[in-house]
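This report describes selected features of the structure shown below. It covers open and enclosed spaces, a helix, aromatic contacts and two loop residues.

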Amino acid sequence: MGQINNVTEFIFCGLSQNPEVEEVCFMVFSVFYTLILLGNLLIMLTVCLSNLFQSPMYFFLNFLSFTDICYSSVIAPKMIVDLLAQNKRISYVGCMLQLFAGHFFGCTEIFILTVMAYDRYVAICKPLHYMAIMDQGRCCKMLLGTWVGGFLHSIIQVALVVQLPFCGPNEIDHYFCDIHPVLKLACTDTYVVGVVVTANSGTITLVSFVVLLISYSIILVSLRKQSAEGRHKALSTCGSHIAVVIIFFAPCTFMYMRPDTTFSEDKMVAVFYTIITPMLNPLIYTLRNAEVKNVMKKLWGRKVF
């Protein structure tokens, strides 16, 4: 295959071609991104400064917040700046880096959510063995596993794209470098690559989603044996977990569980898992959780309340 790689930069079409809409989006997404940073940093500080870090659930929540900050920072700042820019450019290398980082943190987040579901399953269904099963060593190994999994997933995605020739059009119909819009610009038949990409992203998304649904179903069924108070407490934690899972996975499944095609709705759907979920995670996990709220009051109450 003759490599004709004369594309040195890509140009994003962006969220909208309408300047008024872009200005409104600039304001809205700037606020959203600020909330993502503040909300997730607040959770991380609260978990690290209190003794919550000893508990596996908060150990993982801390890293979920960290991943949320990284994930949205790969996409949001560039998108926000581009909303006011005339030329929305990104270099070829920058595009590949964004593709790698987006898939790395996105996939890591999927695995962390899956591990958090397992943690809730053990806590609710095997409470007596909980501390033995979820000891510090095992939690660290599971966390390492989520990062290794994310790395393997994204290195495969980028390796598939890097070997494609880009010689002609360089306009990406999106506001960040995602796999399907970039594949459309390659000057060669990308059918096989498209199938592998879908198999890679799609399998991870679907398998994790199914595992999550099964774990939460088992948890909800097992709650019938619990006391009313235990049931209420477990439902409030699991309810929030399930909400996050649905908001994150529904758009992900729509985006990656299909062959190499792009739809006009893709940009709006992508806003959900790149901006909305990282913003809602801190709200959902803390506001529905009495323990975190109490710790926050104790920690920050002296300073704030």
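In this predicted model, the lining of the largest pocket draws at least two residues from each of α2, α3, α8 and α10 (290-301). Helix α8 makes the greatest contribution, with six residues. The volume of this pocket is about 470 Å³. Its lining comprises 20 residues, and Arg 120, Lys 233, Ala 234, Thr 237 and Glu 291 are the ones nearest the pocket centre. Divided by class, the lining of the largest pocket holds eight nonpolar, seven polar and five charged residues.

**Enclosed cavities**

Two cavities of 30 Å³ or more are found. The largest cavity has 20 lining residues, with Tyr 71, Gly 102, His 103, Gly 106 and Tyr 256 lying nearest its centre. Four helices, α2 (56-84), α3, α7 (191-222) and α8, each provide at least two residues of that lining. Of these, α3 gives the most, namely seven residues.

The second largest cavity is bounded by Phe 12, Gly 14, Leu 15, Met 79, Asp 82, Leu 83, Lys 88 and Tyr 175. Here α2 gives the most to the lining, with three residues. The table sets out the volume and lining classes of each space.

| Space | Volume | Nonpolar residues | Polar residues | Charged residues |
|---|---|---|---|---|
| Largest pocket | about 470 Å³ | eight | seven | five |
| Largest cavity | about 190 Å³ | twelve | seven | one |
| Second largest cavity | about 50 Å³ | five | one | two |

**Helix α3**

Helix α3, which supplies seven residues to the lining of the largest cavity, also supplies at least two to that of the largest pocket. The helix spans residues 92-125, a run of 34 residues. From its first C-alpha to its last it reaches 49 Å, close to the 50 Å expected at 1.5 Å a residue. Most of α3 is covered, with 26 of its 34 residues buried.

**Aromatic pairs**

A pair of aromatic rings is described by the distance of the centres and the angle of the planes. Across the whole structure, 18 aromatic pairs are found. One of them joins Phe 10 and Tyr 92 in a tilted arrangement, at 6.1 Å centre to centre and with 35° between the planes. Because Phe 10 belongs to strand β1 (residues 9-12) and Tyr 92 to helix α3, this pair ties together parts that are 82 residues apart in sequence. Both Phe 10 and Tyr 92 are buried.

The rings of Tyr 256 and Tyr 273 have centres 6.3 Å apart and planes at 55°, so this pair is likewise classed as tilted. Tyr 256 is located in helix α8 (residues 228-256) and Tyr 273 in helix α9 (residues 266-287), so the pair links parts that are 17 residues apart in sequence. Tyr 256 and Tyr 273 are both buried. Tyr 256 is also among the residues nearest the centre of the largest cavity.

In addition, Phe 66, Phe 100, Phe 104, Phe 105, Trp 147 and Phe 151 make up one aromatic cluster.

**The loop between β3 and α6**

The loop between β3 (171-172) and α6 (179-183) contains Cys 177; His 174 is also placed in the loop between β3 and α6. Are these residues buried or exposed? Cys 177 has a relative accessibility of 2% and therefore counts as buried. His 174, with a relative accessible area of 2%, is buried as well.

Leaving aside residues up to four places away in sequence, Cys 177 touches Phe 12, Ile 90, Cys 95, Gln 98, Leu 99, Ile 172 and Val 182. Gln 86 lies 91 residues from Cys 177 in sequence, and their C-alpha atoms are 18 Å apart in space.

With the same exclusion of sequence neighbours up to four places away, the contacts of His 174 are Phe 12, Cys 13, Gly 14, Pro 181, Met 255, Asp 266, Lys 267 and Ala 270. Phe 12 thus appears among the contacts of both Cys 177 and His 174. Phe 12 and Gly 14 are also included in the lining of the second largest cavity.

How values were computed. Residues numbered from 1 in each chain as written. Predicted model: local features only at pLDDT ≥ 70, side-chain atom pairs only at ≥ 80, totals over all residues. Heavy atoms only, no water. Expected span 1.5 Å × (residues − 1). Buried < 20%, exposed > 50% of the residue type's maximum accessible area, 1.4 Å probe, protein only. Phe/Tyr/Trp six-rings, centres within 6.5 Å; stacked < 30°, edge-to-face > 60°. 1 Å grid on protein atoms, 1.4 Å probe; cavity = no way out; pocket = protein on both sides within 12 Å on 5 of 7 lines; lining within 4 Å. Points joined across faces, edges and corners; volume = space filled by probe spheres on them. Nonpolar A, V, L, I, M, F, W, Y, C, P; charged D, E, K, R; others polar. Contact = heavy atoms within 4.5 Å.
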